[in-house]
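User: I am new to this structure and would like to be taken through it by questions and answers. Please explain each term when it comes up.

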Amino acid sequence: MNLSKQQTFSRRSFLKTSALASGGMLISFNLFTACKSDVKPPIDISQLNFNDFNAFIKISDEGKVTIFSPNPEIGQGVKTSMPMLIAEELDVAWEDVYVEQGKLDTKNYTRQVAGGSQSIRHGWEPLRQTGATAKQMLINAAAVKWGVDASECTAKLGVITNSKGETLGYGDVVKDAALLEVPEDVTLKHPKDFTIVGNGAGNVDIDKIITGKPLFGLDYKEEGMVYASVLRPPAFGQELESFDDSKAKAIPGVIDVITIGEKVKDYYKQDEKSWTAQISASNKVAVIAKTTWDAIKGMKAIKAAWKNESPLESTENHDKILFDLLDGDVFKTRRSDGNVKKAFAQADKIIERTYEAPFLPHNCMEPMNFFANVTKDKVHLVGPIQTPEATAIAISSFLGRAIEDIQVEMTRMGGGFGRRLYSDFVFEAAEISNAIKKPVKMISTRENDMSTGVYRPSTKYRIAASIKDGKLTGYHLKEACINGNMYGLIPHFFPAGALENYQVDTTHYKSNITTGAWRAPFTNFLASAEQSFFDEIAEALGVDRVQFHMDLLEKVKQNPNPNIDYNPERLQDVIKLAVEKSHWGKTKAGTYQGFSVYYCHNTHVAEVADITMKNGLPIVEKVTCAIDCGIVVNPLGALNQAKGGVIDGVGHAMYSDFAFNQGVPQSNNFNTYQLIRMGQTPQVDVHFVKRDVAPTGLGEPTLPPVGAAVANAIYKATGKRLRKQPYINNLNLEKVIG
Amino acid sequence: MSTFNLKINNKKHTVEADADTPLLWVLRDQIDLVGTKYGCGIGQCGACTVHVDGNAMRSCLLPISQAEGMRITTIEGLSEDGNHPVQQAWKEIDVPQCGYCQSGQIMTASAFLNQNSNPSNSEIRDAMHGNICRCASYNSIEKAVKVASEKIS
Ligand code: FES
Ligand code: FES
């Protein structure tokens, strides 16, 4: 960016303004220092350390506003909703705002991550402050010009007006404003005065998407770029032994065949390894070609021999291992209230159930891919990634290059769901480019993407409840999981705090299959298990399912527990809203309803699924979804995300299965792996609780509860309790693909 | 390698490729029309849908050798500047989430509405069943096809 010499800093603030040599004003702000994940809003801006900036607003001489949005876009609409916050306080017409994806500043950043539904929650206060500060500076500049006091001036829709009714456009005063002191105290709008926030703004890339313009990683091209396809071990536990590339090399478009992996082995010897480096240490064969098709054909023509380096695992063993773990007594206790043992010993009745879920691949619609150009001067990396900063740091030590040499550019992402938190594909692209000294685009085929992924771990929950004198007296949840276990605040979600005797234990089995975050990690299945179980408890107690929940929450309200991570009142409110909007209990004959409620990612959600039966097959007709996520910044985007989460949740609970046999995934494309399609999709009816508090996550929280809503509805229709996902496999039906 | 003459979006293109190369990759890598997307390569997801002589076709399954002489339309050629009723409906409803599947969805929907400009909801659901949207924007797609049909008829 072409800057002139004058710059105005504010030490206590997180803003810097500069006059642009090309005319206009640039406001830089350090969004992500302000938005560390452990900082709870409201953020005390005065405590921020002013260092460097990673987000910018440019106001041109014509008064047009360009916002460089720093957050990766993965379909959460962040690229739209974050700039909306700035534009709201800056007070410009949304139509005059242009949004561009910012480049990663590899020196200073902390939360340039799209994940965990947190982007908006953390950005809420600082983004508004930024817009408001810029507006105040423009007003101050106009006041100086008029020789009046700034308090006599107001600004609206890009125009400043003084008490005499004279006006100046933002563009008229940007040059002067850039030279002024940055004001320390600005007043933010009251939510009721919002004109942009809370009004649906369409996706900023909409015109490009509907006309097919290059936007995604797969679309990125550079002069002289070649394509690479990588042959990876077919089974987890295997490594490359040898290969014959003669057939591949005979393909006219194939340029070269190389082996990669040595650098990964070196990297793994280092002490400091990035958590994003979920990458197999096996050598791999990379086929370099003139076109994608030549590269894919070449990759398929490689004859490779593989050797077993660690045991080849199968779903059958996993099931046995996890059941053995649940039967055993090696657990880590994550939370223990009261005395669960005693409650169970004194119980009149104990209910115990086990819930099971398979591995799941992410299956982003855009398969993993990345562009890399490693040269003497710099390492240029372009593509879809959810963790640009961690990846930049990892690649710098991977290639032994200074961090300043690494330049990461983010493209729009064809889905993330957690998969693009990991940067295995960036390592591969970088190693290839480093070896062949050419700009290269590494592209995974769907088969490679699905069968050499990072998966939602297969998990089993065993939950037990003790009942005494017709009351629920104890609750004991055990988790057995492949590799990871639930973490952080999850054990403090409901029903923590609602029961005197409550315990959460976890245990796991270390597998060589790579696992990691998948949309709403852990809760994506935990909510299904617990909310199905609550249906059974209510039935055993002979009480109304919804009232049972309301009463438990009432108890939490009466006996506040500082050690819980949800708000009982907000949960009650979403329950009431879902009950009202779904006409709970008042549906016509032949429609069966299931209820579920859950809190995660700081958002409270209640859902009711309506199903009908057709030829013995449950059809999810409708899901009513009530959400409390604070202020809804972009209702249009919020609606899309909420609906997407619900349908995604229904789809994976009903249909998606992913098994291993001898280390080999048993599905690798959409003919053997079922994703939900239009004909299986319920209508989703979304309602938001109106609440004027800082917004919370929305990309994830509507997904976890819906599996239980569906299972509970199917129970009403069929009398069959579904405790193992995908449900379709357990309904004695033929598996339906496609 | 052979030479093929293609007619895409009313323009003639001559490309060198192996006869088995799917139209998808010729469009993307050689003609720079990257709006047509790769999702599965086996005809299961619909991300690569184009119009061939007016019919929706999976470009990942169409070898270049068979595409000669056919009238091919991609998302880039569907309208002058994004003003096809289906594109307009997509914008009005704000359908896309990540957006990756959407050019395929639009191409499927526009070919379908050409044959049936006044479809019922269940006809819409059947017609769109072959196109996967991993972001699950299905409710909006369904609505947008309906809106587009009203614009057309
Ligand atoms: S890429 Fe052609 S149908 Fe999926
Ligand atoms: S919008 Fe993301 S796959 Fe359809």
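Analyst: Helices (H or I, at least four residues) and strands (E, at least two) are DSSP runs, numbered from the N terminus. This is a predicted model, in which local features need pLDDT of at least 70, side-chain atom pairs count only at pLDDT 80 or more, and totals for chains, interfaces and linings use all residues. Residues are numbered from 1 along each chain as its sequence is written, chains are lettered from A and ligands numbered from 1 in the order in which they are written, and side-chain values use heavy atoms, with hydrogens and water left out.

User: In which loop of chain A does A:P495 lie?

Analyst: A:P495 is joined to A:F494 by a cis peptide bond, with omega at about 10°. As for its place, A:P495 lies in the loop between β22 (471–482) and β23 (501–509) of chain A.

User: Where is A:P726 found in chain A?

Analyst: A cis peptide bond also joins A:Q725 and A:P726, and its omega is about -5°. A:P726 is found in the segment after α18 (706–718).

User: How many helices and strands does chain A have, and what share of its residues is buried?

Analyst: Chain A has 18 helices and 29 strands. Buried means under 20% relative accessible area, whereas exposed means over 50% and partly exposed lies in between (1.4 Å probe, protein chains only). Of the 738 residues in chain A, the buried share is 65%.

User: Is A:N363, which has a positive phi, buried or exposed?

Analyst: A:N363 is not a glycine, yet its phi is positive, at about 55°. The residue sits in the loop between β16 (349–357) and β17 (369–374) of chain A. Because its relative accessible area is 1%, A:N363 counts as buried.

User: And is A:D91 buried or exposed?

Analyst: A:D91, a residue other than glycine, has a positive phi near 65°. Its place is in the loop between α2 (78–90) and β6 (97–101) of chain A. With a relative accessible area of 5%, A:D91 is therefore buried.

User: How many residues does each chain bring to the contact between chain A and chain B, and what area is buried there?

Analyst: Contact means heavy atoms within 4.5 Å, and on that basis chain A brings 64 residues and chain B brings 49 residues. Buried area is the accessible area (1.4 Å probe) that two parts lose on being put together, summed over both. Carbon and sulfur atoms give 57% of the area buried between chain A and chain B, which is about 4,900 Å².

User: Which three residues supply the most of the area that chain A buries against chain B?

Analyst: Together, the three supply 17% of that area, more than any other three residues. They are A:I210, A:M365 and A:M678.

User: Which residue of chain B forms a salt bridge with A:D219?

Analyst: A salt bridge is a side-chain nitrogen of Lys or Arg within 4 Å of a carboxyl oxygen of Asp or Glu, and the count between chain A and chain B is seven. In the one formed by A:D219, the closest N and O atoms are 2.9 Å apart, and the partner is B:R28.

User: Which element gives the most to the side of chain A that touches chain B?

Analyst: Several elements of chain A each supply at least two residues of that side, including α5 (206–211), α8 (292–301) and α17 (635–654). The element that gives the most, with eight residues, is α17(A).
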